[in-house]
Amino acid sequence: DAGQFLQTNGSGVTSWASVATYGMVNVGTATADNSGTTLTVTGLDTTYRTYCISLTDFKVVGGGNQLWFRIGDSGGIKTDSNYHCHISKTNSSTTSYDGATVNAGNHFLLSDYGGSDADETGGAVLFLHQTGKTCTINGTMAWGHNSGYIQGGWFAGGYKSTSFAVTQVQMTTNSGNLPTGTMDVW
């Protein structure tokens, strides 16, 4: 067939074979359009133990709003108090370091400051790992602030519950619509 090649199986035995494909498989994409506060991608399952989530060009209407991340299963997005996370960030205008935590909260906190001025935007690359009873997530995030500095750092979190399988992920805010931004899940 087209795209196949002849390979040897040893001892002079040959067969036709197809080239294996490698790379990341896009599970889904959600794009903000200023009509709401959440973006959700479904279609995750137990086929993969790890998923990569890319958040790009995010803005939040208003100033000083938080960016949250949640997971869900076939029953919906989890909003119970089983989320635990820590973000460590630096502020490039003062070279100061600080952190923020959520313990027994209803979300993973990605950033504690978001806005929608022309020169503000945020993003992150996250890795979600699931084992059946625990979902852990880690990655990096950055936010370009309207005063000219960048706030960025690392993020780590975990969600522990009874046995469940992650089938969906959600980016949301504590307040304000999302006028721009894309969430890709691989």
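Two strands are taken as paired if DSSP finds at least two bridges between them, where strands are DSSP runs of E of at least two residues, numbered from the N terminus. On this basis leucine 55 has methionine 183, in β15, as its bridge partner. The strands concerned, β5 (residues 50–58) and β15 (residues 182–185), run antiparallel and are joined by 4 bridges.

The structure is a predicted model, in which local features need a pLDDT of at least 70 and side-chain atom pairs count only at pLDDT 80 or more, whereas totals for chains, interfaces and linings use all residues. Residues are numbered from 1 along each chain as its sequence is written, and side-chain values use heavy atoms, with hydrogens and water left out. The predictor's confidence in each residue, pLDDT, runs from 0 to 100, and the protein chain averages 86, with 95% of the residues scoring at least 70. Confidence is highest in β15, at a mean of 97, and lowest in β9, at 80. Where pLDDT is low, the predicted coordinates should not be read in detail.

The pairing of β5 with β15 belongs to an open, antiparallel sheet of 8 strands, arranged in the order β3-β15-β5-β11-β12-β13-β8-β9. The edges are occupied by β3 (28–31) and β9 (96–105), each of which has a single partner strand, so that one side of each is left without a neighbour in the sheet. With axes taken as lines fitted to C-alpha atoms, neighbouring strands of this sheet are turned by 10° against each other on average, direction ignored.

Aromatic contacts were examined across the whole structure, and the search finds 5 aromatic pairs (rings of Phe, Tyr and Trp, the last by its six-membered ring, with centres within 6.5 Å; planes under 30 degrees apart are stacked, over 60 edge-to-face and the rest tilted). Among them, tyrosine 48 and tyrosine 51 form an edge-to-face pair, at 5.8 Å centre to centre and 90° between the planes. Tyrosine 48 counts as partly exposed at 37% relative accessibility, whereas tyrosine 51, at 1%, counts as buried (buried means under 20% relative accessible area, exposed over 50% and partly exposed in between, with a 1.4 Å probe and protein chains only). The rings of tyrosine 83 and phenylalanine 108 are also edge-to-face, with centres 4.9 Å apart and planes at 90°. Because tyrosine 83 lies in strand β8 (residues 83–91) and phenylalanine 108 in strand β10 (residues 108–114), this pair ties together parts that are 25 residues apart in sequence. Both tyrosine 83 and phenylalanine 108 are buried, and they form one aromatic cluster with Phe155, Tyr159 and Phe164.

Phenylalanine 164 also has a charged residue over its face, namely lysine 78, at 5.6 Å from the ring centre (NZ of Lys or CZ of Arg within 6 Å of the ring centre and within 35 degrees of the ring normal). The side chain of lysine 78 further meets that of aspartate 73 in a salt bridge, at 3.0 Å from N to O (a side-chain nitrogen of Lys or Arg within 4 Å of a carboxyl oxygen of Asp or Glu). A search of the whole structure finds 1 salt bridge. Both partners are buried, aspartate 73 at 14% relative accessibility and lysine 78 with a relative accessible area of 17%.

Two further positions lie within strands of the sheet. Glycine 105, in strand β9, is buried with a relative accessible area of 12%. Tryptophan 154, in strand β13 (residues 150–160), is partly exposed at 41%.

Notes:
Axes are lines fitted to C-alpha atoms, for helices over the stretch in contact, and angles run from 0 to 180 degrees between N-to-C directions.
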